[in-house]
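These are my notebook entries on one protein chain. I wrote down what I looked up, one topic at a time.

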Amino acid sequence: MWDSTIINMLLEGIRDTLYMTITSTILGYVFGLPMGIILTVTDQNGIMPNAFIYKIFDVISNIVRSVPFLILLILLIPFTRLVVGRSYGSTATIVPLVVAAAPYIARMVESSLKEVDGGVIEAARSMGASNFYIVFHVMLVEARTSLIVGATITMGTILGYSAMAGTVGGGGLGDIAVRYGYHRWQTDIMIVTVVLLIILFQIFQTVGMKIAGSLDRRK
């Protein structure tokens, strides 16, 4: 039963899962980081308060985050097909993963940036620093430990989402677990895929927390 075909399939599943998780996290931050910054600076207590802009991004974030991922995955099938030419497979799954992750990342970034001591921001402003400088050279730098922790949590969440996508042919370990563990009742393969997902999650968490710890100035 456990021949080279099964082993190669599991290795490909690990590769596809890493591909989906890492790529989606990176692209999620491409969209989520600016969104989180905008939410922070346009808040009523931000450095550039703007209730209109804040409300727009706040509503977008809340709407997308309120939709369960599996439902969002199905809703985005036409858009996914338009972007990548198909609605199944690991590359196609990245599209809904990024859409789901970006608002989540934005909230994580917003939370991290709001932890920055207001005194540090006021000190930078008193020395004539521009808002751009305050955001990119003060707030993001001061919040870097919290941002890394947030990125670690986000990557673990996206890993879980990528496994859910296996129910609709999303590829990776989740797809293997569904095809073999559910449809074919091969419990041993399903257990192995679950164990592999747990191992990947632990690796992401351990590496991320170590990086965050090394950047923590309080130590």
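**Where two helices meet**

I began with the contact between H1 and H8. On the H1 side I listed Thr-17, Met-20, Thr-21, Ser-24, Thr-25 and Tyr-29. These meet Leu-147, Gly-150, Ala-151, Thr-154, Met-155, Ile-158, Leu-159 and Ser-162 of H8. I sorted the residues of this contact by kind and got seven nonpolar, seven polar and no charged.

Next I looked up the geometry. Two packed helices are described by the angle between their axes and the distance between the axes. For H1 and H8 the angle is about 135 degrees, and the axes are 9 Å apart. H1 is therefore oblique to H8. I noted the crossing of H1 and H8 as right-handed.

**The whole chain**

I should record that this is a predicted model. I then stepped back to the protein chain as a whole. I found ten helices and zero strands. Read along the sequence, the pattern is α-α-α-α-α-α-α-α-α-α. The C-alpha trace spans about 70 × 40 × 25 Å along its principal axes.

I also looked up burial: 43% of the 219 residues count as buried. For contacts I took those between residues at least 6 apart in sequence. Of these, 74% join residues at least 24 apart.

**Helix H10**

What should the 29 residues of helix H10 span at 1.5 Å a residue? The helix runs over residues 187–215, and the expected span is 42 Å. The expected span counts one less than the number of residues. The end C-alpha atoms of H10 are 42 Å apart, so the model agrees with the expected value.

I then asked which residues of H10 are buried. They are Ile-189, Thr-193, Leu-196, Leu-197, Leu-200, Phe-204, Gln-205, Gly-208 and Ala-212. The buried residues of H10 pack against three helices that I wrote down with their ranges: H1 (4–41), H8 (144–164) and H9 (172–183). H1 and H8 are the pair from my opening entry, where they meet each other.

**Helices H6 and H7**

I looked up a second pair, helix H6 (residues 118–126) and helix H7 (residues 131–142). Their axes come within 10 Å and cross at roughly 145 degrees. H6 passes H7 in a right-handed crossing.

From H6 I noted Val-120, Ile-121, Ala-124 and Arg-125. They meet Asn-131, Ile-134, Val-138, Met-139 and Glu-142 in H7. The residues of this contact divide into six nonpolar, one polar and two charged.

**Two single residues**

Is Asp-58 buried or exposed? Asp-58 lies in helix H2 (residues 51–66). Its relative accessible area is 12%, and buried means under 20%, so Asp-58 is buried. Leaving aside neighbours within four places in sequence, I found Asp-58 in contact with Leu-39 and Arg-107.

Leu-70 is in helix H3 (residues 69–75). I looked up its relative accessibility and found 35%, so Leu-70 counts as partly exposed. With neighbours within four places in sequence left aside, Leu-70 is in contact with Met-164 and Thr-167.

My last entry is a distance. How far apart in space are Leu-70 and Ala-101? They are 13 Å apart, C-alpha to C-alpha, and 31 residues apart in sequence.

How values were computed:
Residues numbered from 1 in each chain as written. Predicted model: local features only at pLDDT ≥ 70, side-chain atom pairs only at ≥ 80, totals over all residues. Heavy atoms only, no water. Helix = DSSP H or I, 4+ residues; strand = E, 2+ residues; numbered from the N terminus. Buried < 20%, exposed > 50% of the residue type's maximum accessible area, 1.4 Å probe, protein only. Contact = heavy atoms within 4.5 Å. Axes fitted to C-alpha atoms, helices over the stretch in contact; angles between N-to-C directions. Left-handed = near helix turned anticlockwise from the far one by under 90°. Nonpolar A, V, L, I, M, F, W, Y, C, P; charged D, E, K, R; others polar. Parallel < 35°, antiparallel > 145°, perpendicular 65-115°, else oblique.
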